[in-house]
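Visitor: I am new to this structure and would like a close look at one part of it, namely the charged side chains and how they pair up. Please take me through it slowly.

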Amino acid sequence: MALKGKDLLSLQELSQEDMELVLSTARSLKEILSRPIKKVPTLRGKVICTLFYEPSTRTRTSFELAAKYMSADTVSISASTSSVQKGETLADTARNLAMMGIDLVIMRHSVSGSCHFLSQILDIPVINAGDGMHEHPTQGLLDIFTILDYKPGIKGLKVAILGDIAHSRVARSNIFGLTKMGAEVAVSGPSTLLPPEIEALGVKAFCRPEEAIEGADVVYVLRLQLERQSNSLFPSKREYQDFFGLDHDLLSHAKEDAIIMHPGPMNRGVEIATDIADSPRSVILDQVTNGVAVRMAVLYLILGGRE
Amino acid sequence: MKEKASPLIWPGEAKRRRIQYEKKSPLKEHWWGFSFFSCLEQNDAKANFMKGIENMHFIDKAEIMDEDGIRRALVRIAHEIVERNKGLDDVVLVGIRRRGVPLANRLAEILKDSENVEVPVGELDITLYRDDLTLKFEQPRVGRTYLPFDVTGKKVVLVDDVLYTGRTIRAALDAIMDHGRPQSIQLAVLIDRGHREIPIRADYVGKNVPTSRREEVHVRLSEIDGIDQVTISEEVKDD
């Protein structure tokens with residue numbers, strides 16, 4: 001079908017039809033996670049490589065488990081413990097890996113567009129697991145999948161995305177994915193972290209978080225990406241928390257049944273108050289489970305079936 | 001620079017043809033599955049194939065079973081299940097997607113009427129276990145597996161519409177065993193058309209239908225197709 005043998009680099013390029021295919025496939029595959037023996041033979045003999053130039057807990061483990069549950073073999077390479085340390089270029093590393101018979105590469109890199117670059121070098125499919133400040137497509141898909149666990153549909157849903165919009169690839173993937181499926185997306189953050197061009201993506205931008213959250217069905221809190229920020233984009237974490245941290249006051253503007261999401265890892269007490277992160281309205285841990293199902297679906301759709 | 005597998009039939013095309021076929025006549029004929037020609041890679045081969053498919057289709061030769069026939073066969077199978085298992089203790093029905101599922105539900109209904117026992121019914125999707133996943137051209141959609149019981153210790157009766165090569169059942173056996181260790185697994189099919197490729201047989205058969213490989217057996221069920229009917233059709237070429 002449509003994703004077969006292709007790369008998954010961004011939700012911007014993914015059609016709504018393909019997104020729905022991934023979501024419905026993930027819906028079927030999620031059952032495997034509840035089995036006592038979590039293994040199906042579908043991708044037997046396929047080799048998947050995770051190539052991570054940035055630290056990761058969730059995404060990497062999630063991809064690896066997804067591959068293992070589908071019986072694919074995985075190898076994982078971290079920049080910190082590989083020949084990257086000796087100065088090998090990305091292109092050389094990738095070409096060498098491909099020559100060892102790998103069927104698919106999953107890459108995270110700190111440079112935006114690096115996955116597009118990789119996909120032009122390699123004949124095998126490439127999945128973007130986060131490239132710089134650009135996109136993180138599987139995160140966007142798993143977020144939409146999680147929203148659908150709680151809401152009847154995406155069309156017409158009001159989603160507020162809160163925080164470090166400028167540096168967040170999660171925000172961009174969610175904006176592309178959600179608007180494509182008909183949601184009304186509002187974003188808010190400190191003006192230094194809220195690029196003025198963001199409205200060109202079909203969202204509304206607010207400097208005051210209350211306005212963005214007003215009547216929202218979903219409140220999506222982003223991590224403050226301190227590692228990507230040059231200094232003095234905001235005065236202090238404490239002040240950020242005062243104005244933009246999600247607490248009960250701020251949340252009271254959302255709908256009664258609004259769900260709270262966060263891509264992790266959380267800076268508790270900065271962008272999200274601890275009691276809200278642990279409240280029953282928080283679906284943050286569901287996102288993690290669903291991540292495995294969605295990634296299984298993506299791997300099946302790209303690798304399953306005839307070459 | 002980069003060459004990735006380009007689809008032999010682009011996604012819209014399959015749909016267009018399906019619509020075309022449905023327009024032509026909903027029950028009398030249908031276009032042959034495209035996967036059959038997946039071995040053809042070249043563009044000229046593709047053109048020939050496209051030409052060929054326009055001139056080839058199946059025509060229903062005979063109706064083997066009607067609504068009453070299907071009902072009677074299922075009633076008999078239901079009774080045989082009770083007889084063989086000396087009651088319905090630990091018996092569960094598992095329908096193989098798609099048409100095995102409504103059949104399993106109907107069997108459960110008959111068992112409830114005659115034995116006054118509610119037999120649990122599950123649904124099994126075997127896509128992930130197919131042995132032809134790497135051979136088929138079209139990537140099959142993964143359906144939902146729903147087993148609302150632990151299969152361990154149960155007498156599982158697999159239900160499917162047509163038994164042909166046996167490969168679907170092989171996949172279903174693997175799928176079931178991944179969920180636990182049943183006490184036994186039995187197989188009920190509405191039609192057994194022969195031509196087994198692996199050593200598998202059915203315990204309960206609605207009707208044995210000798211066929212040639214050129215023929216196709218179509219089970220249509222009202223839950224999915226709006227009509228209860230089993231027909232046999234043969235490939236013909238238009239002139």
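Visitor: With which residue does A:D92 form a salt bridge, and how far apart are the closest N and O atoms?

Guide: Please keep in mind that this is a predicted model. In it, A:D92 forms a salt bridge with A:R95, and the closest N and O atoms of the pair are 3.7 Å apart, which falls within the 4 Å that a salt bridge allows. Both residues belong to helix 3 of chain A, which covers residues 90-99, and because they are 3 residues apart there, about one helical turn separates them. A:D92 is partly exposed, with a relative accessible area of 34%, and A:R95 also counts as partly exposed, at 43% relative accessibility.

A pair elsewhere in chain A is placed in another way. The side chains of A:D217 and A:K255 meet in a salt bridge at 2.9 Å, N to O. A:D217 sits in the loop between helix 7 (209-213) and strand 8 (218-221), while A:K255 sits in the loop between helix 9 (248-251) and strand 9 (259-261), so this pair ties together parts of chain A that are 38 residues apart in sequence. As for their surroundings, A:D217 counts as buried, at 8% relative accessibility, because buried means under 20%, whereas A:K255, at 35%, counts as partly exposed.

Chain B offers a pair within a helix as well: the side chains of B:D68 and B:R71 meet in a salt bridge at 3.2 Å, N to O, and both residues lie in helix 3 of chain B (residues 67-84), 3 residues apart, which is about one turn of the helix. B:D68 is partly exposed at 37% relative accessibility, and B:R71 is partly exposed at 44%. Also in chain B, salt bridges that share partners join B:D131, B:R167, B:E197 and B:R213 into one network. Over all chains, the structure holds 27 salt bridges.

Some charged residues gather without such a pairing: A:E239, A:D242, A:D247, A:D249 and A:D275 form a patch of negative charge on the surface, and the residues of a patch have no salt bridge. One of them, A:D275, lies in helix 10 of chain A, residues 274-277, and counts as partly exposed at 44% relative accessibility.

Key. Residues are numbered from 1 along each chain as its sequence is written. Chains are lettered from A and ligands numbered from 1 in the order in which they are written. This is a predicted model: local features need pLDDT of at least 70, side-chain atom pairs count only at pLDDT 80 or more; totals for chains, interfaces and linings use all residues. Side-chain values use heavy atoms; hydrogens and water are left out. Patches are made of residues with over 30% relative accessible area and no salt bridge: like charges are joined within 9 Å, nonpolar side chains (Val, Leu, Ile, Met, Phe, Trp, Tyr) within 5 Å. Accessible areas come from the Shrake-Rupley method with a 1.4 Å probe; for residues, only the protein chains shown count as cover. Lys and Arg count as positive and Asp and Glu as negative; His and the chain ends are not counted. The place of a charge is taken as NZ of Lys, CZ of Arg, CG of Asp or CD of Glu. Helices (H or I, at least four residues) and strands (E, at least two) are DSSP runs, numbered from the N terminus. Buried means under 20% relative accessible area, exposed over 50%, partly exposed in between (1.4 Å probe, protein chains only).
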